[in-house]
Amino acid sequence: MFSSIGKLALDDAPVAVYWLNNCGEIVYSNKVFAKMIGYSTEELSRMNICEISSNFTHS
């Protein structure tokens with residue numbers, strides 16, 4: 001997905017970062033996004049974006 005150096009940079013970024021796969025599953029989220037949403041990064045890794053936002057729908 002990305003290098004470990006890139007992941008370290010994103011983990012501590014001052015802005016929320018998340019990546020979704022083509023099924024809407026959260027494949028990466030940083031600490032800021034997790035705090036903003038109210039879940040741990042581990043919990044988010046088992047979720048679909050539709051579970052946390054009504055603005056997203058399956059197409």
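Trainee: Which residues does E25 touch, not counting residues up to four places away in sequence?

Mentor: E25 touches W19, L20, M47 and N48 under that restriction, where contact means heavy atoms within 4.5 Å. This is a predicted model, in which local features need pLDDT of at least 70 and side-chain atom pairs count only at pLDDT 80 or more, while totals for chains, interfaces and linings use all residues. Residues are numbered from 1 along each chain as its sequence is written, and side-chain values use heavy atoms, with hydrogens and water left out.

Trainee: Why is E25 called partly exposed?

Mentor: Its relative accessibility is 39%, and because buried means under 20% relative accessible area and exposed over 50%, with partly exposed in between (1.4 Å probe, protein chains only), E25 counts as partly exposed.

Trainee: What makes the pairing of D12 and K31 a salt bridge?

Mentor: The term requires a side-chain nitrogen of Lys or Arg within 4 Å of a carboxyl oxygen of Asp or Glu, and the side chains of D12 and K31 meet at 2.9 Å, N to O, so the pair qualifies as a salt bridge. The two residues, 19 apart, link distant parts of the chain, and both D12 and K31 are exposed.

Trainee: How do you know that E42 and R46 also form a salt bridge?

Mentor: The closest N and O atoms of E42 and R46 are 3.3 Å apart, and the pair therefore meets the criterion; E42 and R46 are both exposed. The structure holds two salt bridges.

Note on methods: Helices (H or I, at least four residues) and strands (E, at least two) are DSSP runs, numbered from the N terminus.
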